[in-house]
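Me: Could you walk me through how the side chains pack in this one? I would like to go through cores, rings and cysteines in turn.

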Amino acid sequence: MNRKNSRPRFDVDALRDLVGTKVYSRGEAYWRDGLVQLLTVGPKRVLAQVAGTEDYRVELTGRGESVDGSCSCRAFGDWGYCKHLVATALAANAMGSDTEAQSIDVFTRIREHLEGKNKAALVDMIMDVVERDPILLRRLEMAALTTQDGDEAAIEARLGKMIDGATATNGFIDYREAPDWAQGVDEALDVIASVSSKHAGIVIRLAMRAIDRIEAAIEVVDDSDGHCAPLLDRACEIHCNAVSEAPCEPLSLARDLFAREMNGGYDTFGGAAERYGDILGEEGLAEYRRLANEAWNELPATAGKNRIGHGLSGDHFRLQEILDFFADRDGDLEARIALRAKHLSSQQAYLQVAKFCLSHGRAEEALRRAEDGLWVFEDDRPDERLISFVVDLLTTAGRDADAEAHLWRAFEKAPSFGLYQRLCKTGTATRDRVIKRLQSRLAREKPSAWHYPADLLISILIEEKQFDLAWANTRAHGASEGLKEKLAQVSEATHPREALKIYAERVNQLAQFGGNGAYAEASTLIGRMAGLRGASEHAAYLADVKDRFGRKRNFMKLLA
């Protein structure tokens, strides 16, 4: 392939758009200064080392306009694409054809060189690097722990010290340090997992130790990228595997796992009965179920007006999940419904039971339970989700009159735009009734700085395009600023004077507030106002604005 005619591996224009001109220029300078060493170049992957304040490892993936990758530099961790990625892409492009580029493979040459060395020479080379590389030292030290002789107590002590060191935080671990800390913990788990099965008892205890240490560390680790959860999952998996290889007393294991599931702060052993089911066997599972039932029966059953002081605890949800596993295992739908119906302390709780019934083909029971929730909480503000659920089931059953009655009952207590929309589906006469009902309420309610009782009515009138009535209620009862602007926008063709007044008030607010964003919004509004009145009238208004806000130079520039 002719190098001059070959297409670049990475599209330069796309790369510049991706990183920005400034970063691109810096990367280009790095490449021209020869600071890039390509290590391996594959069809869709380039690995390189770029010299800078220190040597950075760069990996680029993709082709053409599709570019992705990573860099070990701090800038990549903070901002994403960096100059080292740009330099690597340009160096790969400079190699020309794929055939020429793929001839670069430093790792292959190193491997071939090492394969020609004897064992002693390789050991000497590795030891020389270990003395200067703390990361390699840590990895080899961990690996060596499992091959040393000694009794079980000595082995456990060495590995326990390793876990403590890997999970130690020594203060707060910030976002940048978290990946290295997590990698160290993961390497320690590698060592535990590699311990011979003849030492399964040690592994069980070490895995628990690691779990306890990781959970304690979470409090002082910035885990924004979610490193800790996978570490806990892996430690739990190691524990499970070790338990399967060690002599197991089912009752003791069930009690230990149940205590862990109930008392753990991070749900590390959530679903333990299912995860460890084969190991527990029927005897262990029966004990697990007994413990859960015993704890569940100690929880108070609450419903409706007897709910005061009986908020749902974490124990409630954990126990419900455990017992639901066993009931599902038995195919006992009645038991599963009863679990969800034990604590009916809110309309949402009734809704969840009803939804569960419906999902299992019990529409009649779902409706009964949902309506029970409405009646039990008839003195409270209705939950529109529960109302909608009931209305949908009644409509499906052809009971339209009952559905409408529920909607009106809810609307009378707590009118809302959502309920209005549902009511409108029952006929046009309903719209008039809704509007009259809201107008009658306004006589008893007064607006305040944070509450505008007319907002719902005005929103409905806007929806119905009854702009005359909407403006009349705005003048009589007031409305929130945002709603007045919305009304002005949708009705400016029919009510230009009203719209102009609202726009002018908003312009004054924005100009007084200040800031380039506010000035830009105000100038846009002024431009909109120009189309709603004559040129001379608008010129007079504009002159007045300039006279009042002439000192706000950025605003004046926009108006000019």
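Here are some questions and answers on the packing.

Me: Before we start, what kind of model is this, and how are residues numbered?
Reply: Happy to set the ground rules: side-chain values use heavy atoms, leaving out hydrogens and water, and residues are numbered from 1 along each chain as its sequence is written. The model is predicted, with local features needing pLDDT of at least 70 and side-chain atom pairs pLDDT 80 or more, while totals for chains, interfaces and linings use all residues.

Me: Which helix gives the largest share of the largest nonpolar core?
Reply: A nonpolar core is a set of buried Ala, Val, Leu, Ile, Met, Phe, Trp, Tyr and Cys residues joined through side-chain atoms within 4.5 Å. Buried means under 20% relative accessible area, exposed over 50% and partly exposed in between, with a 1.4 Å probe and protein chains only. The largest core has 70 residues, and Phe411, Val434, Ile458 and Phe555 touch the most other members. Its largest share, eight residues, comes from helix 27 (residues 496-513; helices are DSSP runs of H or I, at least four residues, numbered from the N terminus).

Me: How many residues are in the other core, the one with Val195 and Leu299?
Reply: This core lies apart from the largest one, and Val203 and Cys228 are also among its members. Its count is 56 residues.

Me: What is the angle between the ring planes of Phe258 and Tyr288?
Reply: Rings of Phe, Tyr and Trp (its six-membered ring) pair if their centres lie within 6.5 Å; planes under 30 degrees apart are stacked, over 60 edge-to-face and the rest tilted. The whole structure has eight such pairs. Phe258 in helix 13 and Tyr288 in helix 15 are 30 residues apart, and both are buried. Their rings are edge-to-face, with centres 5.6 Å apart and planes at 90°.

Me: Over which ring does the charged end of Arg433 sit?
Reply: A charge sits over a ring if NZ of Lys or CZ of Arg is within 6 Å of the ring centre and within 35 degrees of the ring normal. For Arg433, the distance to the centre is 3.7 Å, and the ring is that of Trp408.

Me: Why is Cys236 in no disulfide?
Reply: A disulfide is a pair of cysteine sulfur atoms within 2.5 Å, and the structure holds zero of them. Cys236 is buried, at 0% relative accessibility. Its sulfur is too far for a bond, because the closest cysteine sulfur is 6.9 Å away, in Cys240.

Key. Helices (H or I, at least four residues) and strands (E, at least two) are DSSP runs, numbered from the N terminus.
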